[in-house]
Amino acid sequence: MTSLYQAMLSQAISGQMLSVREVSQFTAAEIRQTLAELVTADQMALADALAAAGQSLYPESEDILSISALLCEIKRDWVGAEDLLIKLISVQNQVATPFTWQHLIRVQRCQLEDSKALMSAKQALQHHPDDAALNNEFLALKEMVSDQLPVNTSKQVH
């Protein structure tokens, strides 16, 4: 149990939350670890509060963005997860991992945004052309999106 976790629990018992100033004494990695512990302990309200503080303190931290996106996914907050994953990919720039792209695609699919997910898969393959999982995702989405397109029947002139 991290010292941040202990401090958050002791404050929560008294009905209070740690201030951003108090949280700022911890690194992004310590906040990420504590968020994971809070989720494991099913302390979602505390995890939400800590994620918000972490994003405020470390808005460009890959640790904070990735764990916050996962927290949104757990809560099925697909819009929040998508926003955070897009920001994470932007921060990671050319080194965004296939795993990060897979999460973005999954979140977009959960929003029933298959066309958007297809575009993300296509973009991911530009960075990771040999990734089998991304390629499979792209092919499945390509088929799904083409199946969803209306069939244009040509008018026959008699």
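# Reading the labels in a helical model

Q: Why is aspartate 83 called partly exposed?
A: In this predicted model, aspartate 83 has a relative accessible area of 49%. Buried means under 20% and exposed means over 50%. The value of 49% lies in between, so aspartate 83 counts as partly exposed.

Q: Where does aspartate 83 lie, and what separates its C-alpha from that of glutamate 37?
A: Aspartate 83 is part of helix α6. Its C-alpha and that of glutamate 37 are 23 Å apart, and the two residues are 46 residues apart along the chain.

Q: How do you know that α6 has close to its expected span?
A: Helix α6 has 15 residues, and the expected span is 21 Å at 1.5 Å a residue. From its first C-alpha to its last, α6 reaches 21 Å. Just after α6 comes asparagine 93, with a positive phi near 55 degrees.

Q: Which residues of α6 are buried, and what covers them?
A: The buried residues of α6 are Gly80, Ala81, Glu82, Leu84, Leu85, Leu88, Ile89 and Gln92. Their cover includes α4, α5, α7 and α8.

Q: What makes glutamine 108 count as buried?
A: Its relative accessibility is 2%. The cut-off for buried is under 20%, and therefore glutamine 108 meets it. Glutamine 108 sits in helix α7. Apart from neighbours within four places in sequence, glutamine 108 touches Glu82, Glu113, Lys116, Ala117 and Ser120.

Q: Is lysine 142 buried, exposed or partly exposed, and what decides it?
A: Lysine 142 is at 47% relative accessibility. That is neither under 20% nor over 50%, so lysine 142 is partly exposed. The residue belongs to helix α9. Between the C-alpha atoms of lysine 142 and glutamate 22 there are 48 Å, with their places 120 residues apart along the chain.

Q: How many disulfides does the structure hold, and how do you know?
A: The structure holds zero disulfides. For cysteine 72, the nearest cysteine sulfur is that of cysteine 110, 13 Å away. A disulfide needs the two sulfur atoms within 2.5 Å. At 13 Å the sulfur of cysteine 110 is too far from that of cysteine 72 for a bond, so no disulfide is assigned to them.

Q: Why do cysteine 72 and cysteine 110 get the labels they have for accessibility?
A: Cysteine 72 has a relative accessible area of 9%, which is under 20%, so cysteine 72 is buried. Cysteine 110 is at 35%, between the cut-offs of 20% and 50%, and therefore counts as partly exposed.

Q: What lines the largest pocket, and which element gives the most to the lining?
A: The lining is made of Ser66, Ala69, Leu70, Glu73, Leu85, Leu88, Gln92, Thr97, Phe99, Thr100 and His103. Two or more residues come from each of α5, α6 and α7. Helix α5 gives the most, with four residues. By type, the lining divides into five nonpolar, five polar and one charged. About 150 Å³ of space lies in this pocket.

Q: How do you know that α4 is close to its expected span, and what do its buried residues pack against?
A: Helix α4 runs over residues 44-57 and has 14 residues. The expected span is 20 Å, and α4 reaches 20 Å from its first C-alpha to its last. The buried residues are Met44, Leu46, Ala47, Leu50, Ala51, Ala53 and Gly54. They pack against α1, α2, α3 and α5.

How values were computed
Residues numbered from 1 in each chain as written. Predicted model: local features only at pLDDT ≥ 70, side-chain atom pairs only at ≥ 80, totals over all residues. Heavy atoms only, no water. Expected span 1.5 Å × (residues − 1). Buried < 20%, exposed > 50% of the residue type's maximum accessible area, 1.4 Å probe, protein only. Contact = heavy atoms within 4.5 Å. 1 Å grid on protein atoms, 1.4 Å probe; cavity = no way out; pocket = protein on both sides within 12 Å on 5 of 7 lines; lining within 4 Å. Points joined across faces, edges and corners; volume = space filled by probe spheres on them. Nonpolar A, V, L, I, M, F, W, Y, C, P; charged D, E, K, R; others polar.
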